[in-house]
Amino acid sequence: MKKLYVTRTAPNARKAIILLASKGIDIDNMDDLDVVDIDFAAGEQFSDAFTAMNPMQTVPVLTLDDGTVLNDSQAVCEYLDRVYGERSVMGNDVVQRAQVCAMRRVAEFEVLYNLMLAFQHSHPSKAQRVEQVPEFVAPSIARAVKALAYFEIILESREYLVGDQLSFADIVLYLGLDFGKLLKVNPTEHGENLARFYAMMHERFSVKKMGKAKPTTESEQDK
């Protein structure tokens, strides 16, 4: 049985959850894939068993039936996109895949990762994982906010970033906007188009909408 290890509130793990949800697939109701929730607050990512499987101690992680371990969010999402559902969220032809890739990279590296960097260097929960440099916080947030102007223009008179269907680029941008709230970056205050886009995506893919993992043992079912 394939297993997908996630933390429901972590942006990179949410990529996989939302990707499947965008195809109408509930990860908690799949016949050939089990979901394992890793409790970051309890430090389960540092356990010997999890570290042996993924020395990076990050999620998502996807393990396949043949023992293959995928421990990068992009790799996990590429696999899930190709194996499940009919329409590709990564793009339906060569040109569209390239367009989605380009847009996704801007959303990821200019928005999401800059906000994640600011969080890592400011939140107490990350102090044991990184050597925090408070001076990184403000410039990282500023860079992310500056990039939002680009997407405000892209979303003028259009619903999605690429073509007329939701793509992986939309998922990554939404996660960046949603994560920014932890750093007091309001996703509705950077243009009408971004506000509309965020509201549309949040209605479908908020943490509350995505649900919780299935119990994996009888003892857990009794709790």
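**Contact of α1 with α3**

I began with the residues that join these two helices in the predicted model. On the α1 side I listed N12, K15, A16, L19 and L20, and these meet S73, V76, C77, L80 and D81 in α3. Sorted by class, this contact holds 6 nonpolar, 2 polar and 2 charged residues.

I then looked up the geometry of the pair. Helix α1 covers residues 11-22 and helix α3 covers residues 73-83. Their axes lie 9 Å apart and form an angle of about 10°. Angles under 35 degrees count as roughly parallel, and α1 and α3 are therefore described as roughly parallel to each other.

**Confidence**

I checked how far the model can be read. The average pLDDT of the chain is 92, and 94% of the residues score at least 70. I noted residues 213-223 separately, since over this stretch the pLDDT is below 50. Beyond near neighbours in sequence, the stretch has 10 contacts in the model.

**Largest pocket**

I next turned to the open space. The largest pocket has a volume of about 990 Å³. It is lined by 37 residues, of which A10, P11, F40, M116 and K126 are the closest to its centre. I asked which helices each supply at least two residues of this lining. They are α1, α4, α6 and α8, the last being residues 207-210. The largest share comes from α4, with 4 residues. By class I recorded 15 nonpolar, 15 polar and 7 charged residues in the pocket lining.

**Cavities**

I searched the whole structure for enclosed space and found 2 cavities of 30 Å³ or more.

The largest cavity holds about 50 Å³. I listed its lining as R87, S88, V89, G91, N92, Q96, V100, V162, Q165, L166 and S167. In this lining 4 residues are nonpolar, 6 are polar and 1 is charged.

The second largest cavity has a volume of about 40 Å³. Its lining consists of V111, L115, A144, V145, L148, G176, L177, V185, N186 and P187. Two or more of these residues come from each of α4 (94-120), α5 (137-154) and α6 (168-180). I noted that α5 gives the most, with 3 residues. By class, the lining of the second largest cavity has 8 nonpolar and 2 polar residues, and no charged ones.

**Cross-reference**

I closed by comparing the element lists. Helices α4 and α6 are among the contributors to the lining of the largest pocket, and both also appear for the second largest cavity.

Methods. Residues numbered from 1 in each chain as written. Predicted model: local features only at pLDDT ≥ 70, side-chain atom pairs only at ≥ 80, totals over all residues. Heavy atoms only, no water. 1 Å grid on protein atoms, 1.4 Å probe; cavity = no way out; pocket = protein on both sides within 12 Å on 5 of 7 lines; lining within 4 Å. Points joined across faces, edges and corners; volume = space filled by probe spheres on them. Nonpolar A, V, L, I, M, F, W, Y, C, P; charged D, E, K, R; others polar. Axes fitted to C-alpha atoms, helices over the stretch in contact; angles between N-to-C directions. Parallel < 35°, antiparallel > 145°, perpendicular 65-115°, else oblique. Contact = heavy atoms within 4.5 Å. pLDDT = per-residue confidence, 0-100.
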